[in-house]
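Reader: I have a few labels I'd like explained before I trust them. Could you take me through what sits behind each one?

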Amino acid sequence: MTIVSVLEQPMAKDRHTYSITGGVPLEGSITASGAKNAVTKQLVAGLLTDQPCVLHKVPRIVEVDLVLGMLAELGTEVTWLGEHSVRVHTPEVRETSLSAMYSGVNRIPILMMGPLLHRRGETIVPLPGGCTIGKRPIDFHLEGLRQMGADIAEHPTSVKVHVDRLAGAHIDLPFPSVGATENLLLAAVRAFGTTVISNAAVEPEIVDLILMLQKMGALITIDTDRTITVEGVRELRGVEHTTIADRIEIASFAAAAIATDGRIEVRGARQEHLVTYLNTLRHIGGDFAETRDGLEFWRARPLTATDVETGVHPGFMTDWQQPLTVLLTQATGTSVVHETIYEDRFGYTEQLSAMGASVELTTRCLGAVACRFHGRDFQHTAKISGPRRLHGADLVIPDLRAGFGYVLAALVADGTSTITGTRYLERGYEQPVAKLAAVGAHITTQSV
Ligand SMILES: CC(=O)N[C@H]1[C@@H](OP(=O)(O)OP(=O)(O)OC[C@H]2O[C@@H](n3ccc(=O)[nH]c3=O)[C@H](O)[C@@H]2O)O[C@H](CO)[C@@H](O)[C@@H]1O
Ligand SMILES: C=C(OP(=O)(O)O)C(=O)O
């Protein structure tokens, strides 16, 4: 198998550099895109049937293009039916394995194992990549599939799997991993017998995947204690499904409204997906109201420091952490952000400090929870003192959500910032420049 270098991977180059002049309150309306972290898994779910599946509200982002490229390689016919609707149809799985080009690109190839095992009984999938925010092992995924009878060989850049037929099992996840829960769901829906996943993750994106699978004919129950029970069925049918709005994009623009002392309506935003985030915004001094089409966000009083701990749903989502940390640089007092999901998700704060922010990192668990990183050498808690004036800078984005954090830092900073590494941001945010410009941001792009 040829290993393609990182530089040749499909998302390796920036398309644009951004230039942002800060100090402008953002005001206006935007429409939320469909959630990257739901739609990419739903595209994979389409592989479970030989009938056509149509997904609506599909964001036009690099991540979706990557997944569609992977599916096409396996034999899926991909047809865009409109700007945000796509039909995926795999009457026959022509290739059982994905090429090494997709090694390290994103989290999705490993989720294809279950569907490919159901369709062809064997597969080789490249190891996943995604944002560099921790080690991100896949041991829970592989252990769960082994419990379901899969024969797995781990190679340096790929995993080879074989099974006659996956069989139901009782799988107790050591931690409520989003990806492992989704992987086991996709494996269990067509397995022989019943699968019980305890300590499962129940993020809204997972529930949306379950809703799609249920429409396809799957039998899935979610209990209040995080147990998901799947009664395997022989066949699944085609489906038409509309993906939920992206609660990370919504939270990002909410933080931008409050940080710049503006007012932004996000059409399509749903309160029930943001309950914990909305409480946190209120503690800081932001507020929200429901509008006819979504939610509107603004600053209600001078911003004050607050403490936040990221956690599994319904806790404070780790992907909300970066715009929030930037917002907290503008709040009076010392805030603590304890990151309990990823061990290495604060590297981006170094460039914030260079802009004038006061962010101190510690390996200690400062919060109610002694998390999995307790007593280990991971700088996973940030103390942020504010308010601090930020100054425009040349910023290099290290990962997707840090990318929006930097955009926000540039929006509140004095002067002009240039931002490179925008390929990371554009992996997950649809038309970020157009949306920012629509709410009045002084943003321009240069092609690279
Ligand atoms: C494409 C996608 O949907 N990405 C999201 C998904 O990532 P992803 O599904 O990769 O995240 P997980 O929930 O699996 O990871 C949570 C934690 O569990 C650990 N872990 C996970 C699996 C495993 O086999 N072993 C293990 O130790 C991870 O290293 C991490 O510390 O959920 C994360 C948590 O909400 C989000 O930040 C990501 O945006
Ligand atoms: C971490 C993220 O994505 P991924 O899991 O695809 O790296 C994210 O969406 O913030």
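Author: Let's start with helices H3 and H5, whose crossing is right-handed. Bear in mind that this is a predicted model, where local features need pLDDT of at least 70 and side-chain atom pairs count only at pLDDT 80 or more, while totals for chains, interfaces and linings use all residues. Residues are numbered from 1 along each chain as its sequence is written, with chains lettered from A and ligands numbered from 1 in the order in which they are written.

Reader: Why is the crossing of H3 and H5 called right-handed?

Author: The label goes by the turn of the near helix from the far one: clockwise is right-handed, anticlockwise by less than a right angle is left-handed. H3 and H5 fall in the right-handed class. As for the names, helices (H or I, at least four residues) and strands (E, at least two) are DSSP runs, numbered from the N terminus.

Reader: And what makes H3 and H5 roughly parallel?

Author: H3 (residues 113-120) and H5 (residues 178-188) pack at about 15 degrees, with axes 7 Å apart. Axes are lines fitted to C-alpha atoms, for helices over the stretch in contact, and angles between N-to-C directions run from 0 to 180 degrees. Under 35 degrees counts as roughly parallel, over 145 as roughly antiparallel, 65 to 115 as roughly perpendicular, and the rest as oblique. So the pair H3 and H5 gets the parallel label.

Reader: Which residues of H3 and H5 meet?

Author: Met113, Gly114 and Pro115 of H3 meet Asn183, Leu186 and Ala187 of H5. Contact here means C-beta atoms, placed from the backbone, within 7 Å. That group has 4 nonpolar, 2 polar and no charged residues. Ala, Val, Leu, Ile, Met, Phe, Trp, Tyr, Cys and Pro count as nonpolar, Asp, Glu, Lys and Arg as charged, and the others, Gly among them, as polar.

Reader: How do the axes of H1 and H6 sit?

Author: The axes of H1 (residues 36-45) and H6 (residues 204-215) come within 9 Å and cross at roughly 30 degrees. That makes H1 roughly parallel to H6 as well. Their crossing is right-handed. Among the contact residues are Asn37 and Lys41 of H1, plus Asp208 and Met212 of H6.

Reader: Now the ligands. How do you know where ligand 1 lies relative to domain 1 and domain 2?

Author: Both domain 1 (6-33 + 245-447) and domain 2 (36-242) give residues to its shell, so ligand 1 lies between them. These bounds come from an automatic or database domain assignment. The shell takes in residues near the ligand (C-beta atom, placed from the backbone, within 6 Å). Of the 20 residues around ligand 1, Asn37, Phe140, Ser177, Val178 and Gly179 come nearest. Ligand 2 also lies between the two domains, because both give residues to its shell. Asn37, Asp319 and Arg401 are among the residues around ligand 2.

Reader: What is unusual about the phi of Arg136?

Author: Most residues other than glycine have a negative phi, and most peptide bonds are trans. Arg136 has a positive phi of about 55 degrees without being a glycine. Arg136 lies in the loop between strand E6 (122-126) and H4.

Reader: Which peptide bond has omega near 0 degrees?

Author: The one from Gly386 to Pro387, which is cis. Another cis bond joins His313 and Pro314, with omega about 15 degrees.

Definitions and conventions: Contact = placed C-beta atoms within 7 Å.
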